[in-house]
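Grab your viewer and work through these short exercises with the model open. Try each task yourself before you read the solution.

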Amino acid sequence: MSFMKLPSDINRPVALLTGATGGIGVHLVQRLVSQGYHILAVNRAGDFQPRDHVTPVACDIAQNQQIEALTDGLRQAGVTLAALIHCAGVINPQRAGDYDIESASWQLRVNLEAPVFLTTLLLPLMPAAGHIIFINSMAALVPLAGSSIYTASKFGLRGYALALAQDVQPLGLRVSSVFPGAVDTPMLQKEIDSGGSPLNFVTAPSSPDEIACIVQRLLLRPKAEIFCPSSDGVLAQLMLIMPRVWRMILPVLMKKGLKGKKKYLARGKV
Ligand SMILES: NC(=O)c1ccc[n+]([C@@H]2O[C@H](COP(=O)([O-])OP(=O)(O)OC[C@H]3O[C@@H](n4cnc5c(N)ncnc54)[C@H](OP(=O)(O)O)[C@@H]3O)[C@@H](O)[C@H]2O)c1
């Protein structure tokens, strides 16, 4: 396998993590290694900083052939996966009519198709009690104007995870989704630079380590869905039940979000 060199003496449960080099991913690697996992750290270049119990893996998950090469390689190496954590994600905020097909397709491939294809091909490598975790987004419940493709990908990913959980229950596999609101990472920076939705700032952004900590706890005590902050999760779920009420309170939330964004920018974080 040219894209990764697996050590021959892995004596820890193995977790495959996509998005390992991202704002949330680097904290996940740290926490999962300290939790006793060996991490297959996936990103495009496979250039993760060398450290114990981490194997960098080069894979552009927007390319189906690369996904197949990765999963074939793992199968041939006889790897079993205790955890599969989908954290890679991309966003390219643009109004609906402004998208070109390539940008829309890229977001759908990375955020939705890739986790679906990876899960499909890696399921045979997961023994009972294996855990599949999706880092989703509050955008799976709160439609974000200006990021309709991202929103669609995350709504789709939620549906997939809920259906998958039923399919794999007889195999003893667990499935969880984490729904963060805004998180202080390069992705949020990109959203701000491209005029992303003020709804990201209705509450203050979480730190990436808070999300990593949630995943660490989920691995010990599996739960189907977890929202961060939990108060936003309650509101978001109510909104989905009553979209009319959502439309009524949207102006209030937008006002609060704009205020929150100003406050965030004033902190000199960006
Ligand atoms: N930040 C937020 O405000 C926020 C809020 C809610 C949910 N989330 C979700 O949290 C997850 C992580 O976000 P983040 O903020 O940590 O993002 P980030 O800092 O921008 O990191 C994105 C990660 O995805 C990887 N990636 C992107 N395209 C890839 C591809 N084609 N193939 C392989 N890897 C690819 C990147 O790796 P390389 O670039 O090194 O290849 C990087 O490791 C995403 O699913 C995101 O939707 C984020």
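## Warm-up: the ligand pocket

**Exercise 1.** Find which atoms of Gly-23, Ile-61 and Lys-154 pair up with the ligand.

Before you start: this is a predicted model, where local features need pLDDT of at least 70, side-chain atom pairs count only at pLDDT 80 or more, and totals for chains, interfaces and linings use all residues. Residues are numbered from 1 along each chain as its sequence is written, and side-chain values use heavy atoms, with hydrogens and water left out.

*Solution.*
- Step 1: begin with Ile-61, where a backbone N or O atom sits 2.9 Å from a nitrogen atom of the ligand.
- Step 2: go to Gly-23, which has a polar backbone atom 2.8 Å from a ligand oxygen.
- Step 3: finish with Lys-154, whose side chain places an N or O atom 3.0 Å from an oxygen atom of the ligand.
- Step 4: check the cover. On its own the ligand has 890 Å² of accessible area, and the protein covers 91% of that. Accessible areas come from the Shrake-Rupley method with a 1.4 Å probe; for residues, only the protein chains shown count as cover.

**Exercise 2.** Describe the shell around the ligand by residue class and by helix.

*Solution.*
- Step 1: list the neighbours, meaning residues with a heavy atom within 4 Å of the ligand. There are 29 residues around the ligand, and Thr-21, Arg-44, Asp-60, Tyr-150 and Thr-185 come nearest.
- Step 2: sort the shell, which gives 16 nonpolar, 10 polar and 3 charged residues. Here Ala, Val, Leu, Ile, Met, Phe, Trp, Tyr, Cys and Pro count as nonpolar, Asp, Glu, Lys and Arg as charged, and the others, Gly among them, as polar.
- Step 3: map the shell onto helices. At least two shell residues come from each of α1 (23-34), α4 (148-168) and α5 (186-193). Helices (H or I, at least four residues) and strands (E, at least two) are DSSP runs, numbered from the N terminus.

## Inside helix α3

**Exercise 3.** Work out what Ser-103 and Thr-119 each touch.

*Solution.*
- Step 1: locate them. Ser-103 is in helix α3 (residues 101-122), and Thr-119 is found in helix α3 too.
- Step 2: check burial. Buried means under 20% relative accessible area, exposed over 50%, and partly exposed in between (1.4 Å probe, protein chains only). Ser-103 is buried because its relative accessible area is 8%; Thr-119 is buried, at 0%.
- Step 3: collect contacts (heavy atoms within 4.5 Å). Leaving out residues up to four places away in sequence, Ser-103 touches Asn-92 and Gln-94. With that same kind of exclusion, Thr-119 touches Leu-84, His-86, Ile-132, Phe-134, Tyr-160 and Leu-164.
- Step 4: look for polar contacts, that is, N or O atoms within 3.5 Å; within protein, one must be able to donate a hydrogen and the other to accept it, and residues adjacent in sequence count only if both atoms are side-chain atoms. The side chains of Ser-103 and Asn-92 are joined by one, at 2.8 Å.

## Cysteines

**Exercise 4.** How many disulfides does a search of the whole structure find?

*Solution.*
- Step 1: apply the cut-off, a pair of cysteine sulfur atoms within 2.5 Å. The search turns up 0 disulfides.
- Step 2: try Cys-59. Its nearest cysteine sulfur belongs to Cys-87 and is 15 Å away. Cys-59 counts as buried because its relative accessibility is 3%.
- Step 3: try Cys-213. The nearest cysteine sulfur is that of Cys-228, 9.7 Å off. Cys-213 is partly exposed, with 22% relative accessible area.

## Backbone oddities

**Exercise 5.** Which peptide bond is cis, from Cys-228 to Pro-229 or elsewhere, and what is phi at His-53 and Ala-129?*Solution.*
- Step 1: recall the background. Most residues other than glycine have a negative phi, and most peptide bonds are trans.
- Step 2: inspect the bond from Cys-228 to Pro-229, which is cis, with omega near 0 degrees. Pro-229 sits in the loop between β7 (225-228) and α7 (230-241).
- Step 3: turn to His-53, in the loop between β2 (38-43) and β3 (54-58). His-53 has a positive phi of about 65 degrees, although it is not a glycine. His-53 is partly exposed, at 31% relative accessible area.
- Step 4: end with Ala-129, in the loop between α3 and β5 (131-135). Phi of Ala-129 is positive as well, near 80 degrees. Ala-129 is partly exposed because its relative accessible area is 44%.

Conventions:
A residue is near a molecule or strand if one of its heavy atoms lies within 4 Å of it.
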